[in-house]
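Got your viewer open? Follow along and select each stop as we go.

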Amino acid sequence: RRSLPKGDRFDLLIDVLAAIARGETNVRLPVSDAHDTWDAVAVAINFTVDELAYRNVAVANAYETIQRTESELREQQSVLRTLLDSVADVLLVYNRNGDYVEVNRTAVHQLGYTRGELLQMNLRDIEVEDRPPTLAANDELAEARTLDGTHRRKDGTTYPVEMRVVRLPFRDQSHYLVLARDVTERQRAEAFRQAVLDHTMQTQENERRRIARELHDGPCQVL
């Protein structure tokens, strides 16, 4: 804090007001022992400058708090983004209208769209079936559900998925999180296993019939 040297009080007043206009809060008007009108004005102005200085400190502290909070939020968002992108399955978050509001890196790679493109799209652009939007309209979805579906890539090709759908609060509204796993290889393996099982059962049936026929034909030939 500095007090301006005594001199013409009007000039000092102009100097202090100019300093305040420049944002300075370390200047004060000198106060005499006369306790006249000018002293009253000086006290009032000095009090105002003190208030401004206090508010500046409060604003600076608030700004520092905001900066720190924003830094913490950015760090949390970075951690969340890392977690989302580390999920091996396609992760999609959509609102009640079916519009995507968040996707992970696997979704970008699997579906062939950029993240920006996906965030401009609707569930119906990806889902071949219309069941997930039906779920989106149902606020009573309290527990996760598993559904079979089909996803359509950007190039128009489709592939089967197993979807885990759950309702969750997101940005103060009900949204739906979908974890979709490509089950193409699983279905191929199951189809192959079923084909082997059918072939084995057919072979066993043919063998059973052959043995039965031989048992039947053997005694008849003797007779």
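Is T106 buried or exposed? Keep in mind that you're looking at a predicted model, then select T106 and find out. This residue sits in helix α3, which covers residues 105–111. T106 has a relative accessible area of 17%, and anything under 20% counts as buried, so T106 is buried.

Now show what surrounds T106. Leaving aside residues up to four places away in sequence, T106 touches V87, A88, D89 and V90. Select those four and you'll see them next to your helix residue.

Next stop: select N95. You'll find N95 in the loop between β3 (90–94) and β4 (100–103). Its relative accessibility is 15%, so N95 counts as buried too. Where does the side chain of N95 reach? Follow that side chain to the backbone nitrogen of N97, at 2.9 Å.

Last stop: the rings. How many aromatic pairs does the structure hold? Just one. Select Y94 and Y176 to bring up this pair, which is stacked. The ring centres are 5.6 Å apart, with 20 degrees between the planes. Planes under 30 degrees apart count as stacked, so that angle fits the label.

Now trace the chain from one ring to the other. Y94 belongs to strand β3 and Y176 to strand β7 (residues 173–182), so the pair links parts of the chain that are distant, 82 residues apart. Finally, switch on a surface and look for both tyrosines. Y94 has 0% relative accessibility and counts as buried, and Y176 is buried with a relative accessible area of 0%.

Conventions
Residues numbered from 1 in each chain as written. Predicted model: local features only at pLDDT ≥ 70, side-chain atom pairs only at ≥ 80, totals over all residues. Heavy atoms only, no water. Helix = DSSP H or I, 4+ residues; strand = E, 2+ residues; numbered from the N terminus. Buried < 20%, exposed > 50% of the residue type's maximum accessible area, 1.4 Å probe, protein only. Polar contact = N/O pair within 3.5 Å; in protein donor to acceptor, adjacent residues only side chain to side chain. Contact = heavy atoms within 4.5 Å. Phe/Tyr/Trp six-rings, centres within 6.5 Å; stacked < 30°, edge-to-face > 60°.
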